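The following exercises are to be worked with the sequence and the coordinates at hand. Each task is followed by a solution in steps.

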Amino acid sequence: MTTSSENSPSRKAAGATPVVTYRDVIKRFGNVTVLTGVSMEVRKGEVVCLIGPSGSGKSTLLRCTNGLERIDGGEILLDGQLLPSDGKGLRLMRRRMGMVFQNFELFPHKTALDNVAVGPITVLGISRSDAEKRAMALLAKVGLSEKAENYPSQLSGGQQQRVAIARALAMEPEIMLFDEPTSALDPETVGEVLAVMKRLAEEGMTMLVVTHEMTFARRVSDWVVVMDKGAIIEQGPPKQIYDAPQVNRTKEFLSHLGWSG
Amino acid sequence: MKFDWLVAWRNLDVFVDGVKLTIFLAVATMTIAVPGGIVLAVMRMSGIRALAAIATAFIELFRNIPLILVIYMAYYVLPVMSGLSASPLVTGLIALSLNVSAYNGETFRAGIASIRKGQSEAAYALGMSPWQTFRIVVLPQAVKRVLPVLASTWISLFKDTSLVSVISVGELSYAATRVRAQTFRVLEVLTAMAAIYWVLGYPQAKLVDWINHRWGRAE
């Protein structure tokens, strides 16, 4: 198996400190092993895209990162610190990682503003007025200042996902985890969400993105990880993965998506 | 046969006191049984086996024996077993609360279970504790979702308060029984009693219909 070395000099963030490190991560659901020993890094300021066929374990790996799924073997480190297994320790780690879900998962009984402010208020103990100020600034950042008082049901899918991004950013995370953020969207609203993500990337946010948006992965990511059947089959800079994939399975997967290089 | 329809009017003060007590019993019972139901639901869903077993036993016991039996047992058995004696009013309130808490427990359990897992995950991902997740994210949505069911329970409760008349709690039914015994005007008093329950209950039923219409729709 030809897998680019983790320390390939072609990696833009070569030498940068890893924010998240995965070492031999194993995850089972019952008798099914969905992650068969995954090792990789996400480095500071990097956008890493996780791609691969459905069922390859991408989302599971992402969900293991902030402990929504417990791993059965190996280890995951945030800034060199092992992900704790106790509830309190895990919560302290989670506030340093923002997560965006495929189905947005905004709180339907709260306005857009409250959705963004609730984390800082309840988890960080920030005063309501400060949290709302922060929330307004973030809503402006995702282009939704006028929707602050709207409830999620009054927003389009793309708008909801942008609020969800603002909600995650409100915790001022060190890394943002995106779990297929555009898969549940109407085609016409995919672009607005990707634009917000692209801007985040340009600002230097460290991002780990599970996606089927190949154009986004090609243009915005610094590093692409290809997974299949619970393992990493290839990783490298996007140019290499998309223009000259080393592994046949990668070629098959990309051609199946209609990617012509 | 001559009817004396004014018998109810002449005993108005007795009826009014009865109505007041009926309303008090219904309100007080629900005030206890809503948190009670939430506690039972949380216990049953806690994953802690002992707590779940206690809650399940409680719910299945009090849902499946007739309320009137609970009232009798609270009145005759509870003081003997516990050594404490309570007034009929408090005893009636306890019995009603046991029954309605059991129903509410199942109502809240269904409501909480209907909130999809992604909502809790979103809260956890922000760093919320299980308690914060429950209180801030899950419970408000669950309550909103079961509001129509709680409203129906309320309507049943309002009428079921009449059962505590068997232990001499002076609510509307008991008051009516007393007037009947004093005047021997059975038909008139029963009619008056029915009219009062209906006048009190009908707007509530309409309100429930409105709540169902307003909140009962799927998300």
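## Exercise 1. A residue with unusual backbone geometry

With a relative accessibility of 57%, A:Glu172 is classed as exposed. The model is a predicted one.

**Task.** Determine where A:Glu172 is placed in chain A, and describe its phi angle and its salt bridge partner.

**Solution.**
1. A:Glu172 is situated in the loop between helix H5 (157–169) and strand E7 (175–179) of chain A.
2. Most residues other than glycine have a negative phi. A:Glu172, although not a glycine, has a positive phi of about 50 degrees.
3. Side chains of opposite charge can pair when their charged atoms come close. A:Arg134 forms a salt bridge with A:Glu172, and the closest N and O atoms are 3.8 Å apart.
4. This pair links distant parts of the chain, since A:Arg134 belongs to helix H4 (residues 128–141) of chain A and A:Glu172 to the loop between H5 and E7, 38 residues apart.

## Exercise 2. A second positive phi

**Task.** Is B:Phe184 buried or exposed, and in which loop is it found?

**Solution.**
1. B:Phe184 has a positive phi of about 60 degrees and is not a glycine.
2. Its loop lies between helix H9 (172–183) and helix H10 (186–215) of chain B.
3. The relative accessible area of B:Phe184 is 71%. Exposed means over 50%, so B:Phe184 is exposed.

## Exercise 3. The buried side of a helix

**Task.** Which residues of helix H2 (residues 87–94) of chain A are buried, and against which elements do they pack?

**Solution.**
1. The buried residues of H2 in chain A are A:Gly89, A:Leu90, A:Met93 and A:Arg94.
2. They lie on the same side of H2(A), because they cover an arc of only 140 degrees around the axis.
3. Within chain A, they pack against strand E4 (73–78), strand E5 (81–82) and strand E6 (97–100). Chain B contributes helix H7 (117–126) to this packing.

## Exercise 4. Nonpolar cores and a surface patch

**Task.** Identify the residues that touch the most other members of the largest nonpolar core, and state which helix gives the most to the nonpolar patch of chain B.

**Solution.**
1. The largest nonpolar core has 51 residues, and A:Ile165, A:Met176 and A:Met207 touch the most other members.
2. Helix H6 (residues 187–202) of chain A gives the most to this core, with 7 residues.
3. Beyond its neighbours within four places in sequence, A:Ile165 has contacts that include A:Val100, A:Phe178 and A:Leu200.
4. A second, separate core holds 41 residues, among them A:Val42 and A:Met99.
5. At the surface, a nonpolar patch of about 720 Å² includes B:Ile68, B:Tyr72 and B:Val166.
6. Helix H4 (residues 67–76) of chain B supplies the largest share of the patch, 5 residues. B:Ile68 lies in this helix and is partly exposed, with a relative accessible area of 31%.

## Exercise 5. Charged pairs

**Task.** How many salt bridges does the whole structure contain, and which residues are joined with A:Glu69 into one network?

**Solution.**
1. Over all chains, 28 salt bridges are found.
2. A:Arg249 pairs with A:Glu252 in a salt bridge whose closest N and O atoms are 3.6 Å apart. Both lie in helix H9 (residues 248–256) of chain A, 3 residues apart, about one turn of the helix.
3. Salt bridges that share partners join A:Lys27, A:Arg63, A:Glu69, B:Lys117 and B:Glu121 into one network.
4. Within this network, A:Glu69 and A:Arg63 form a salt bridge with closest N and O atoms 2.9 Å apart; A:Glu69 and A:Arg63 are both buried.

Key
Residues are numbered from 1 along each chain as its sequence is written. Chains are lettered from A and ligands numbered from 1 in the order in which they are written. This is a predicted model: local features need pLDDT of at least 70, side-chain atom pairs count only at pLDDT 80 or more; totals for chains, interfaces and linings use all residues. Side-chain values use heavy atoms; hydrogens and water are left out. Buried means under 20% relative accessible area, exposed over 50%, partly exposed in between (1.4 Å probe, protein chains only). Helices (H or I, at least four residues) and strands (E, at least two) are DSSP runs, numbered from the N terminus. The arc is that of the directions from the helix axis to the C-beta atoms. Contact means heavy atoms within 4.5 Å. Patches are made of residues with over 30% relative accessible area and no salt bridge: like charges are joined within 9 Å, nonpolar side chains (Val, Leu, Ile, Met, Phe, Trp, Tyr) within 5 Å. Accessible areas come from the Shrake-Rupley method with a 1.4 Å probe; for residues, only the protein chains shown count as cover. A salt bridge is a side-chain nitrogen of Lys or Arg within 4 Å of a carboxyl oxygen of Asp or Glu. A nonpolar core is a set of buried Ala, Val, Leu, Ile, Met, Phe, Trp, Tyr and Cys residues joined through side-chain atoms within 4.5 Å.
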